[in-house]
Amino acid sequence: MKDFILVKHATGAPGLRLLGLGPMLLPQRGVIKLKSFLDRNTLWAKRRRNDEIKKMLSNSVCTVSVWKNNQIIGFGRATSDGIYRAVLWDIVVEKKYQKYGIGKLIVNSILENNSIVKVEKVYVMTTNCERFYLSMGFKTERDQTLMILKKGR
């Protein structure tokens, strides 16, 4: 993992969002690279546009990215009220770098963030990675029902 660089972005990720900064605060066309990364590694984020990604980042209390050779190879973010609830979003690792502990690094970095560390409950929704989250200490909740209202788009 010595070749990987973890970046813990400020709240709202202004460096990444506004200036495209990556590791060591160097310009990297970060939003463009993030969109390309999400397009390659997810089904659910393929239609996101750069302007929407910028808004998403601005509303996140915690954003983490992992880089190798000036390319994003891992990403995650969270929203939170800072006391009762937080939700992990968009935890993604480049397919060829999965099984290197990058996902755990991302999740642990988010959980240690000041806006997340003291909340009562942290939620995550997943389609294919239930075993990963169970290994991180998350539990399947049987007493709640996930409900979705689809709007627009």
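C129 is partly exposed, at 38% relative accessibility. Partly exposed covers the range between buried, under 20% relative accessible area, and exposed, over 50%, with a 1.4 Å probe and protein chains only. C62, by contrast, is buried, with a relative accessible area of 2%. This is a predicted model, in which local features need pLDDT of at least 70 and side-chain atom pairs count only at pLDDT 80 or more, while totals for chains, interfaces and linings use all residues. Residues are numbered from 1 along each chain as its sequence is written, and side-chain values use heavy atoms, leaving out hydrogens and water.

**Cysteines**

How many disulfides are there? The count is zero. A disulfide is a pair of cysteine sulfur atoms within 2.5 Å. For C62, the nearest cysteine sulfur is that of C129, 19 Å away. C129 is likewise in no disulfide, and its nearest cysteine sulfur is that of C62.

**Pockets**

A pocket is found on a 1 Å grid over the protein atoms alone, as an open set of points where a 1.4 Å probe fits, with protein on both sides within 12 Å along at least five of seven lines; lining residues have an atom within 4 Å of a point. Grid points are joined across faces, edges and corners, and a volume is the space filled by probe spheres set on the points.

The largest pocket holds about 2,000 Å³ of space. Its lining counts 44 residues, and T42, W44, D90, V92 and M125 are the closest to its centre. Four elements give two or more residues to this lining: α3 (50–58), β4 (85–93), α4 (102–111) and α5 (130–135). Helices (H or I, at least four residues) and strands (E, at least two) are DSSP runs, numbered from the N terminus. β4 gives the most to the lining of the largest pocket, with six residues.

The second largest pocket has a volume of about 770 Å³. Nearest its centre lie Y123, V124, K139, T140 and E141, out of 19 lining residues. β5 (121–124) and α5 each supply at least two residues of this lining. β5 gives the most, with four.

The table splits each lining by class. Ala, Val, Leu, Ile, Met, Phe, Trp, Tyr, Cys and Pro count as nonpolar, Asp, Glu, Lys and Arg as charged, and the others, Gly among them, as polar.

| Pocket | Nonpolar | Polar | Charged |
|---|---|---|---|
| Largest pocket | 20 residues | ten residues | 14 residues |
| Second largest pocket | nine residues | five residues | five residues |

**Aromatic pairs**

The whole structure has five aromatic pairs. Rings of Phe, Tyr and Trp (its six-membered ring) pair if their centres lie within 6.5 Å; planes under 30 degrees apart count as stacked, over 60 as edge-to-face and the rest as tilted.

Why is the pair of F4 and Y100 edge-to-face? Because the planes of the two rings stand at 85°, with centres 6.2 Å apart. F4 lies in the segment before β1 (5–9) and Y100 in the loop between β4 and α4, so this pair ties together parts that are 96 residues apart in sequence. F4 is buried, with a relative accessible area of 14%. Y100 is partly exposed, at 48% relative accessibility.

Y133 and F138 also form an edge-to-face pair, 5.7 Å centre to centre and 85° between the planes. Y133 is buried at 7% relative accessible area. F138 is buried too, at 13%.

Ring pairs also build a cluster, which links F4, Y97 and Y100.
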